[in-house]
Amino acid sequence: MNALNALRSAVRGRVLLPGDPGFDAARRPWNLAVEQPVAAVVEAAGADDVAALVRHARSAGLSIATQPSGHGATGRTDGTILLRTGRLDAVEIDPAARRARVGAGVRSGRLQAAAAAHGLTGLPGSSPVVSVAGVALGGGLSWFGRAHGWVADAVTALDVVDADGRARHVTADGDPDLFWALRGAGGDFAIVTGLELALHPAPRLFGGRMVWAAEHAAAVLDAFRGITAGAPGELTLWLDLLHFPGGDPLVAVDATYLGGEAEARELLSPLDRLPRPLSDGRRAMAADELGAITAEPTDPGAGSSRAELLTRLDDAAAKDLLADPIAPLLSVQVRHLGGALARPSDSPHGALAEPYALYMFGVPSDPRTAEAITARQRALAEALPVSGRKPFTFLNPAETAADAFAPEALARLRRVKDARDPHGVFRGNFPVRG
């Protein structure tokens, strides 16, 4: 019996090998434009199953790539065992301590629903279907990052399986190097089976999307710039240039405010002085309704993205942003950063000095379109004042960890990798050694 066939007796969870029914579906990532070759797929039955898998892989000289929900895949998985942790789905809320304990498979929307029942919130992004663990391990940019920092900053402890197959509880005091590396540089150092996070009060929340025809883009962008110039940390705005197939170009503003409706509407009043929007979905909402704002797909699909950090959004940058249609891109998003995200952070990326993030997305329906999407993304990035550094959580499959981290942080991450996983048992989506 070879090492891969022996997986069936080494773990309790489902094991799929090439040729097994369901293997191809199980190995697919969220982004269907990424081809993900793997030697086997294991769906862990629990944390003890993860430990058994690691011990087996190490003894057999195999490596493990962990993807709770398939987000962030790069295709750098050839020869690996793909580990799915969706069954590690426990959620515990301690409302008095404002803490949550979640398994590695818990998705953001589920944590939000559990926290909202107590008037609390985690640090969710735009999509409710990404895993909390995956977001936190990537650093994580949230709707509430301007108020509370990186998602990784909210992590207070992690339950992991190390490269020797031992279950460990990792904290800043107990293992500062591993705690630091895991909170923002991915799954290259250990397999996270659960984590503890701080929650934040959210008794009131206001948010939604306003949409206009693209002819008003300059005026909407000007209002966006004006509001974000002095916005409090509780207010977050994202500007979206949109062009969906078969439709007319649009411009939108997405907003969330950690507070009451009256204060939110006063802060957002410049938007009400613009031409009447095609739609206005702003309303008081619960913390588990945030996914409705952008209404991102909840099923896998093909996509091609590129992100940048903008050093400014002045008149020249605004002009260049709107100089040409975004096609063949579907969306160009500008996220307001700053606030708590600009403060010191004991995480690999550290503080985000840049005031805005740019995220460009298209659907590569065929090779010619894929090439055109990449060219349009490159042209827009070259036209705008970008810093050259990118959030790890926004890297695309053509990029590496070196595109996200400063040289000194990357050197420290590589030292942690060498010390904690010298045999290469773990392979993150973006390995720190490239």
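Helix H4, made up of residues 108-116, lies across strands S5 and S6, and its direction makes an angle of about 35 degrees with S5. This is a good place to enter the structure, which is a predicted model. The two strands under discussion belong to an open sheet of 5 strands, ordered S5-S6-S10-S8-S9 and paired in the antiparallel sense. At the edges sit S5 and S9 (167-170), each of which pairs on one side only. From one strand to the next, the twist averages 15 degrees. Toward the S9 end, S8 (residues 155-161) and S9 are held in antiparallel pairing by 4 bridges, and within that pairing Val160 has Arg168 of S9 as its bridge partner.

The loop between S5 (91-94) and S6 (99-103) contains Arg98. Its backbone catches the eye: most residues other than glycine have a negative phi. Arg98, though not a glycine, has a positive phi of about 55 degrees. With a relative accessible area of 41%, Arg98 counts as partly exposed. Ala295 does something along these lines, with a positive phi near 50 degrees in a residue other than glycine. Ala295 is found in the loop between helix H11 (291-294) and strand S17, and a relative accessible area of 57% makes Ala295 exposed.

Next comes helix H3, residues 47-60. Its 14 residues reach 20 Å from the first C-alpha to the last, close to the 20 Å expected at 1.5 Å a residue. Much of the interest here lies in what is hidden: Asp49, Val50, Ala51, Ala52, Leu53, Val54, His56 and Ala57 of H3 are buried. And what covers these buried residues? The cover includes helix H1 (7-10) and strands S2 (40-43), S3 (64-66) and S4 (81-84), along with S8 and S10 (191-198). S8 and S10 also appear in the open sheet described above. Just after H3 comes Gly61, with a positive phi near 70 degrees.

Another set of strands centres on S19, residues 356-362. Of the 7 residues in S19, 5 are buried, so the strand is largely enclosed by the rest of the structure. S17 (residues 304-310) runs antiparallel to S19 and is joined to it by 7 bridges, with Ala307 standing opposite Tyr359 of S19. S18 (residues 331-336) also pairs with S19 in the antiparallel sense, over 6 bridges. In that pairing, Arg335 stands opposite Ala357 of S19. Arg335 has a second role in the picture, lying over the face of Trp238 at 3.8 Å from the ring centre. A similar arrangement involves Arg412, which lies over the face of Trp180 at 3.9 Å from the ring centre.

Between helix H12 (315-321) and S18 there is a loop, and Pro328 is part of it. Most peptide bonds are trans. The bond joining Ala327 and Pro328, though, is cis, with omega at about 10 degrees.

Aromatic rings add a further layer, with 5 aromatic pairs in the structure. In one of them, the ring centres of Phe224 and Tyr356 are 6.0 Å apart and the planes meet at 45 degrees, so this pair is tilted. Phe224 comes from helix H8 (residues 217-229) and Tyr356 from S19, so the pair ties together parts that are 132 residues apart in sequence. Are these two residues buried or exposed? Phe224 is buried, with a relative accessible area of 0%, and Tyr356 is buried too, at 8%.

Phe392 and Phe405 make up another aromatic pair, this one stacked, with 5.3 Å from centre to centre and 20 degrees between the planes. Both residues sit in the loop between helix H13 (367-383) and helix H14 (407-420), so the pair ties together parts 13 residues apart in sequence. Phe392 and Phe405 are both buried. The pairing goes further, since ring pairs link Phe392, Phe405 and Phe430 into a cluster.

Key: Residues are numbered from 1 along each chain as its sequence is written. This is a predicted model: local features need pLDDT of at least 70, side-chain atom pairs count only at pLDDT 80 or more; totals for chains, interfaces and linings use all residues. Side-chain values use heavy atoms; hydrogens and water are left out. Buried means under 20% relative accessible area, exposed over 50%, partly exposed in between (1.4 Å probe, protein chains only). Two strands pair if DSSP finds at least two bridges between them. Axes are lines fitted to C-alpha atoms, for helices over the stretch in contact, and angles run from 0 to 180 degrees between N-to-C directions. Contact means heavy atoms within 4.5 Å. Rings of Phe, Tyr and Trp (its six-membered ring) pair if their centres lie within 6.5 Å; planes under 30 degrees apart count as stacked, over 60 as edge-to-face and the rest as tilted. A charge sits over a ring if NZ of Lys or CZ of Arg is within 6 Å of the ring centre and within 35 degrees of the ring normal. The expected span of a helix is 1.5 Å times one less than its number of residues.
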